[in-house]
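Ready for some practice? Take a look at the model first, then work through the exercises one by one.

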Amino acid sequence: MENSAATDGIDAFKSAFRRHAAGVAVVTSIAPDGHPVGFTATSLASLAAVPPLATFNMAQVSSSWPAITVGNQVAIHMLGPRSRHLAERMAADHDLRFVGDHWHADDSGLPLLDGATAIAIGRIVDVHPVHNNAVVVVEIDHGILGEEDEALLYHERTYMRPHALEN
């Protein structure tokens, strides 16, 4: 294996994780003042099947952070290439994320994005602050399946779709 120029610290971290493809999801919730909040996440992971637990990571300076409290309900939206526009919107200006008709509130007021391939709805059961960030644990209560689509990946600062490798 041929190596390029070595990097240190934060540059090494950023360079390595740009090369690590990640699935794309959007997390939505309701802020303490009642308005919808959400953000694009590439850190979603399954923690356990029994009980059904998922985790995501986020910065405590995020505009959505005030909604991330134990007991609060969240919707985790899995996205495909057809719903890439949702990932882009929810990663842009937080004041514009819920402007438009791309979402609706469920019976409890939780914001749900239209066009997700699946939505897992649950309650935050634990928040682990780490420096200026946090690992958030959600117990999934129920879900909604949307239309099937390929996976949406984020790699090298670009949204992509996977393709099967030949044997």
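**Exercise 1.** Which strands does helix H2 lie across, and at what angle does helix H2 run to E3?

Before solving it, a word on ground rules. This is a predicted model, where local features need pLDDT of at least 70, side-chain atom pairs count only at pLDDT 80 or more, and totals for chains, interfaces and linings use all residues. Residues are numbered from 1 along each chain as its sequence is written, and side-chain values use heavy atoms, with hydrogens and water left out.

*Solution.* Start by finding helix H2 at residues 84–91. Helices (H or I, at least four residues) and strands (E, at least two) are DSSP runs, numbered from the N terminus. Helix H2 lies across E2 and E3, where contact means heavy atoms within 4.5 Å. Now the angle: helix H2 runs at about 110° to E3. Axes here are lines fitted to C-alpha atoms, for helices over the stretch in contact, and angles run from 0 to 180 degrees between N-to-C directions.

**Exercise 2.** In what order do the strands of the seven-stranded open sheet come?

*Solution.* Read across the sheet: E3-E2-E6-E9-E10-E5-E4, with antiparallel pairing. Next, look at the edges: strand E3 (36–41) and E4 each have a single partner strand, so one side of each is left without a neighbour in the sheet. Neighbouring strands of this sheet are turned by 35° against each other on average, direction ignored. Then zoom in on one pair: strand E2 (residues 25–30) and E3 pair in the antiparallel sense over six bridges. Two strands count as paired if DSSP finds at least two bridges between them. For Val 26, the bridge partner in E3 is Thr 40.

**Exercise 3.** Which strands form the three-stranded open sheet?

*Solution.* The order is E1-E11-E12, and the pairing is antiparallel. Strand E1 (22–23) and E12 stand at the edges, each with a single partner strand, so each has one side without a neighbour in the sheet. E1 pairs with E11 over two bridges, and Gly 23 has Leu 153 as its bridge partner in E11.

**Exercise 4.** Is His 131 buried or exposed?

*Solution.* First, place His 131: the loop between strand E9 (118–130) and strand E10 (133–145). Its phi is positive, about 55°, although His 131 is not a glycine. Its relative accessible area is 76%, so His 131 is exposed (buried means under 20% relative accessible area, exposed over 50%, partly exposed in between, with a 1.4 Å probe and protein chains only).
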